Amino acid sequence: MKATIDRIEEGIAVLISAEEVPARMTVPASLLPAGAKEGDAVTIGIDRDNGATAAAKDRVSSLIEKLKNK
């Protein structure tokens, strides 16, 4: 997704998406690329972490089994 940095205040960046229906979102400014500033265009991506998802499911299943055996 493409967005523009609208402003950065107190460590929080306000981004406006470049979609047909714009959305406003806030993210920690620390997640922005080095040197990014107000007015810059950025690309935002979210990826699914299948390995971490499987590990979390295994951890929860193990805890459930321990509770059942008490």
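This report describes the strands, helix, core and salt bridges of a predicted protein model.

Residues are numbered from 1 along each chain as its sequence is written, and side-chain values use heavy atoms, with hydrogens and water left out. Because the model is predicted, local features need pLDDT of at least 70 and side-chain atom pairs count only at pLDDT 80 or more, while totals for chains, interfaces and linings use all residues.

## Confidence

The term pLDDT denotes the predictor's confidence in each residue, from 0 to 100. For the protein chain the mean pLDDT is 95, and 100% of the residues reach 70 or more. Confidence is highest in strand S2, at 98, and lowest in helix H1, at a mean of 95.

## The sheet

Helices (H or I, at least four residues) and strands (E, at least two) are DSSP runs numbered from the N terminus. Two strands are said to pair if DSSP finds at least two bridges between them. On this basis, 4 strands form an open sheet in the order S3-S2-S1-S4, with antiparallel pairing. Strand S3 (24-28) and S4 stand at the edges with a single partner strand each, so one side of each has no neighbour in the sheet. From one strand to the next, the twist averages 40°; axes are lines fitted to C-alpha atoms, for helices over the stretch in contact, and angles run from 0 to 180 degrees between N-to-C directions.

The pairings may be taken in turn. Strand S1 (residues 2-9) is joined to strand S2 (residues 12-17) by 6 bridges in the antiparallel sense, and Ile8 stands opposite Ala13 in S2. These two strands form a hairpin with 2 residues between them, and Glu10 in the turn has a positive phi of about 50°.

S2 also runs antiparallel to S3, to which 5 bridges join it. Here Val14 stands opposite Thr26 in S3. S2 and S3 likewise form a hairpin, with 6 residues between them.

At the other edge, S1 pairs with strand S4 (residues 41-43) over 3 bridges, again in the antiparallel sense. Lys2 stands opposite Thr43 in S4, and Thr4 has Ala41 as its bridge partner in S4.

## The nonpolar core

In a regular strand the side chains alternate between the two faces of the sheet. A nonpolar core is a set of buried Ala, Val, Leu, Ile, Met, Phe, Trp, Tyr and Cys residues joined through side-chain atoms within 4.5 Å. Buried means under 20% relative accessible area, exposed over 50%, and partly exposed in between (1.4 Å probe, protein chains only). The largest such core has 6 residues in all: Ala3, Ile5, Ala13, Leu15, Leu32 and Val42. S1 and S2 each supply at least two residues of this core.

Ile5 illustrates the surroundings of a core residue. Leaving aside its neighbours within four places in sequence, Ile5 is in contact (heavy atoms within 4.5 Å) with residues that include Leu15, Leu32 and Val42. Among its further contacts are Val14, Ala36, Lys37 and Asp40.

## Salt bridges

A salt bridge is a side-chain nitrogen of Lys or Arg within 4 Å of a carboxyl oxygen of Asp or Glu. The whole structure contains 4 salt bridges, and the table lists some of them with their N to O distances.

| Pair | N to O distance |
|---|---|
| Arg7 and Glu9 | 3.6 Å |
| Lys37 and Asp40 | 3.5 Å |
| Lys68 and Glu65 | 3.8 Å |

Arg7 is partly exposed, at 26% relative accessibility, and Glu9 is partly exposed at 47%. In the second pair, Lys37 counts as exposed at 51%, whereas Asp40 is partly exposed at 23%.

The third pair belongs to helix H1 (residues 50-68), where Lys68 and Glu65 lie 3 residues apart, about one turn of the helix. Lys68 counts as exposed at 59% relative accessibility, and Glu65 as partly exposed at 41%. Elsewhere, salt bridges that share partners join Asp6, Arg7 and Glu9 into one network.

## A residue of the helix

Asp58 is also found in helix H1. At 53% relative accessibility, Asp58 counts as exposed. Asp58 and Pro22 are 36 residues apart in sequence, and their C-alpha atoms are 39 Å apart in space.
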